[in-house]
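Trainee: Got a minute to go through this one with me? I'd like to start with the overall layout and then poke at some details.

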Amino acid sequence: MINQEDFFKKITAHAKEYGFVFQSSEIYDGLSAVYDYGQNGVELKNNIRNYWWKSMVQFHENIVGIDTAIFMHPTTWKASGHVDAFNDPLIDNKDSKKRYRADVLVEDHIAKIEDKINKEIDKAAKRFGDAFDKAQFVSTNPRVLEYKKQIEEIGHRLYRSMEQNDLEGIKKLIEDLGIVCPISGSRNWTEVRQFNLMFSTQMGSTVEGASELFLRPETAQGIFVNYLNVQKTGRMKLPFGIAQTGKAFRNEIVARQFIFRMREFEQMEMQFFMRPGEELNWYEYWKETRMRWHLSLGIPASKYRFHDHEKLAHYANAASDIEFEFPFGFKELEGIHSRTDFDLAAHSKHSGKKLQYFDPELNESYIPYVIETSIGLDRMFLALLSFAYNEEKLEDGTERVVMKFPPTLAPYKVAILPLMKKDGLPEKAREIMSDLKQDFMCYYEEKDAIGKRYRRQDAIGTPFCVTVDHQTLEDNTVTIRDRDTMQQERINVDELQHVITEKVKIKM
Ligand code: GAP
């Protein structure tokens with residue numbers, strides 16, 4: 001069985017080889033943690049965004065979409081808390097000169113202890129065979145219990161220090177745990193410092209007249225500052241939501257794992273406004289609804305889990321992550337946060353504008369409460385790449401790499417392939433193509449043997465290949481090949497539209 005590190009390398013190599021993702025400015029040796037999407041990647045990305053948009057905006061009568069600017073008035077970020085508190089704790093190793101996120105060093109240490117627990121479990125499972133009771137083992141084995149206690153104590157110290165902004169406490173924890181720099185192997189650490197993650201730039205032509213602006217680190221604030229505009233012009237009644245997708249920027253210190261943690265990325269966020277007091281019911285509703293969205297793509301439930309936050313941000317009264325099992329373990333894919341009235345109240349205070357709702361039933365005005373759902377488009381893209389990538393050994397002894405994307409999201413829906421480049425087959429294939437491309441992304445290809453062309457379509461995840469042969473000219477039938485089963489069926493050209501639509505349309 002292939003190990004997960006190699007598997008991840010294969011995915012990233014495949015993403016490049018088949019035009020999904022390229023390193024940004026690659027000819028200049030790239031820009032760290034910034035990526036470009038290629039010809040197939042952009043289709044997949046657009047389809048994910050569209051699937052999210054339809055499910056959130058089109059399928060919910062009380063949710064509307066907006067598209068706000070990346071640049072916002074600088075006070076926005078003061079009000080939201082990003083100027084003062086959007087920080088990561090940094091530490092440098094003096095020997096390797098490498099910079100790390102101090103909390104990530106501690107979390108990696110915890111992950112190593114978790115690995116030890118898993119090794120104990122694997123050993124015991126082998127020893128006891130069918131009689132092995134994992135739950136009992138984990139709750140009674142002295143070594144596992146000791147590891148669990150260590151994890152709890154370390155986690156507790158880390159979260160307490162983070163919460164109290166106790167940078168010395170974090171440094172002490174790193175020293176007490178004997179954490180070494182993975183590059184130099186030394187414990188020669190600097191002090192821990194706070195580092196703001198926002199990128200800044202200047203607006204205005206002269207240095208004196210220029211003002212400092214930030215590139216938005218989240219799309220959410222564009223929604224909050226437009227709450228009143230949308231509520232009034234859309235005559236929205238509570239509860240209602242505002243959705244948007246768009247770029248966000250963070251000067252991430254630990255930028256790694258391909259498109260998992262980027263400096264420029266895209267978010268798909270929705271803020272749902274409601275009467276105060278109703279937020280925890282809506283929080284549960286959105287947790288469940290968002291998980292259903294993920295499962296609707298046909299990805300197994302075992303790939304997902306909730307991680308309810310114990311440590312809450314000062315503005316939240318509940319928060320949970322939907323985690324996905326990436327090749328490097330379960331990691332956050334989406335956040336669902338109950339943000340109370342924190343953002344609207346802060347913007348009211350800083351702008352002097354009343355961001356309220358007049359509730360005709362209660363005959364009173366109040367600041368609505370908010371549930372946020374926030375998912376990274378690039379992370380969802382990576383989740384799909386890791387789910388879809390399959391290496392298969394075929395009956396004839398050959399191998400294929402097939403991207404089993406959910407058909408709705410696949411970059412191309414159908415490839416039209418004339419069996420030969422003669423006898424009028426290309427002309428017939430072009431005729432079919434010009435008809436189908438009105439509704440679907442179609443790929444036309446006539447070069448190479450048909451088997452090779454099938455493999456190329458498998459590698460980019462095209463759900464259907466339609467082959468035009470001599471019989472097509474006689475009776476207007478084609479073969480249609482299913483990507484996953486590789487079964488071929490002969491159908492009339494007039495049926496193609498219906499067969500493909502049934503498989504690729506958005507159903508929710
Ligand atoms: N408005 C709330 C917010 O921005 P967040 O947990 O910081 O919350 C939400 O980000 C989502 O955005 C994450 O769950 C993740 O999918 C994505 N995300 C955050 N930082 C990212 C990064 N550096 N690269 C790629 N995606 C990122």
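Trainee: Which domains is the protein divided into?

Mentor: Domain 1 (43-84 + 197-393), domain 2 (87-194) and domain 3 (412-504); those bounds come from an automatic or database domain assignment. Before we go on, it's a predicted model, where local features need pLDDT of at least 70, side-chain atom pairs count only at pLDDT 80 or more, and totals for chains, interfaces and linings use all residues. Residues are numbered from 1 along each chain as its sequence is written, and side-chain values use heavy atoms, with hydrogens and water left out.

Trainee: What separates the centres of domain 1 and domain 3?

Mentor: 40 Å, taken over C-alpha atoms.

Trainee: OK, pockets. What volume does the second largest pocket have?

Mentor: About 420 Å³. On a 1 Å grid over the protein atoms alone, a pocket is an open set of points where a 1.4 Å probe fits, with protein on both sides within 12 Å along at least five of seven lines. Points are joined across faces, edges and corners, and the volume is the space filled by probe spheres set on them.

Trainee: And how many residues line the second largest pocket?

Mentor: 17, with Arg99, Tyr100, Leu105, Pro182 and Arg256 nearest its centre; a lining residue has an atom within 4 Å of a point. Strand E5 (99-101) and helix H5 (102-128) are the elements giving two or more residues each, and H5 has the largest share, 5 residues. Helices (H or I, at least four residues) and strands (E, at least two) are DSSP runs, numbered from the N terminus.

Trainee: Which domains does that lining draw on?

Mentor: At least three residues come from each of domain 1 and domain 2.

Trainee: Switching to helices: how does H5 pack with H7?

Mentor: H5 and H7 (residues 142-163) pack at about 165°, axes 10 Å apart. Axes are lines fitted to C-alpha atoms, for helices over the stretch in contact, and angles run from 0 to 180 degrees between N-to-C directions. So H5 is roughly antiparallel to H7, the label for angles over 145 degrees.

Trainee: What about H2 and H13?

Mentor: H2 (residues 39-58) and H13 (residues 377-388) pack at about 110°, again with axes 10 Å apart. That makes H2 roughly perpendicular to H13, meaning 65 to 115 degrees.

Trainee: Last one, backbone: which peptide bond is cis?

Mentor: Leu238 to Pro239, with omega near -5°. Pro239 lies in the loop between helix H10 (227-233) and strand E9 (240-249).

How values were computed: Parallel < 35°, antiparallel > 145°, perpendicular 65-115°, else oblique.
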